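Here are a few friendly notes to read alongside the model. Have a look at the fold before turning to the cysteines.

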Amino acid sequence: MSKTMKRYNRTADTTYRKNRAKLLQNNPNPTCWICGQPIDTTLPPHHPLSFTADHLHPVSQGGNNHGKLLPAHHSCNSRRGNAKHHTTHTRTW
């Protein structure tokens, strides 16, 4: 990448940030859609159990940065990487 080209930062995108804030506003006690466990929204951003807004359809796989977002733990979202959505969590009762 040349020095004059800037890398696109998805998290700095204004629409993405608004959609992320809306996701938290509509669900103040979110549950991770990947593992099904509650998310502590008071944790610092890079803590493994902190809140992240996961793209249902990964941007790297043709998804839209302004597409559907779901609540996820930072570690769950990182582990999922750019895999396409195939299942949600299941709970054993």
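1. Going along the sequence, the protein runs through the pattern α-β-β-α. That corresponds to a secondary structure of two helices and two strands. Please keep in mind that this is a predicted model.

2. How much of the contact pattern with a separation of 6 or more comes from residues 24 or more positions apart? Those pairs account for 56% of such contacts in the protein.

3. On burial, 28% of the 93 residues of the protein count as buried. The accessible surface comes to about 6800 Å², and carbon and sulfur atoms make up 53% of that area.

4. Now to the cysteines. How many disulfides does a search of the whole structure find? The answer is zero. Cys32 takes part in no disulfide, and the cysteine sulfur nearest to its own, that of Cys76, lies 3.8 Å away. Seen from the other side, Cys76 is likewise in no disulfide, with the sulfur of Cys32 as its nearest cysteine sulfur at 3.8 Å. A disulfide would need the two sulfur atoms within 2.5 Å, so the pair at 3.8 Å is not counted as one.

5. Are these two cysteines buried or exposed? Cys32 has a relative accessibility of 0%, so this residue counts as buried. Cys76 has 4% relative accessibility and therefore counts as buried too. The cut-off behind both calls is under 20% relative accessible area.

6. To pull the cysteine points together: Cys32 is buried, Cys76 is buried, and the search of the whole structure gives zero disulfides.

Definitions and conventions: Residues numbered from 1 in each chain as written. Predicted model: local features only at pLDDT ≥ 70, side-chain atom pairs only at ≥ 80, totals over all residues. Heavy atoms only, no water. Buried < 20%, exposed > 50% of the residue type's maximum accessible area, 1.4 Å probe, protein only. Helix = DSSP H or I, 4+ residues; strand = E, 2+ residues; numbered from the N terminus. Contact = heavy atoms within 4.5 Å. Areas by Shrake-Rupley, 256 points an atom, 1.4 Å probe, with all protein chains shown as cover.
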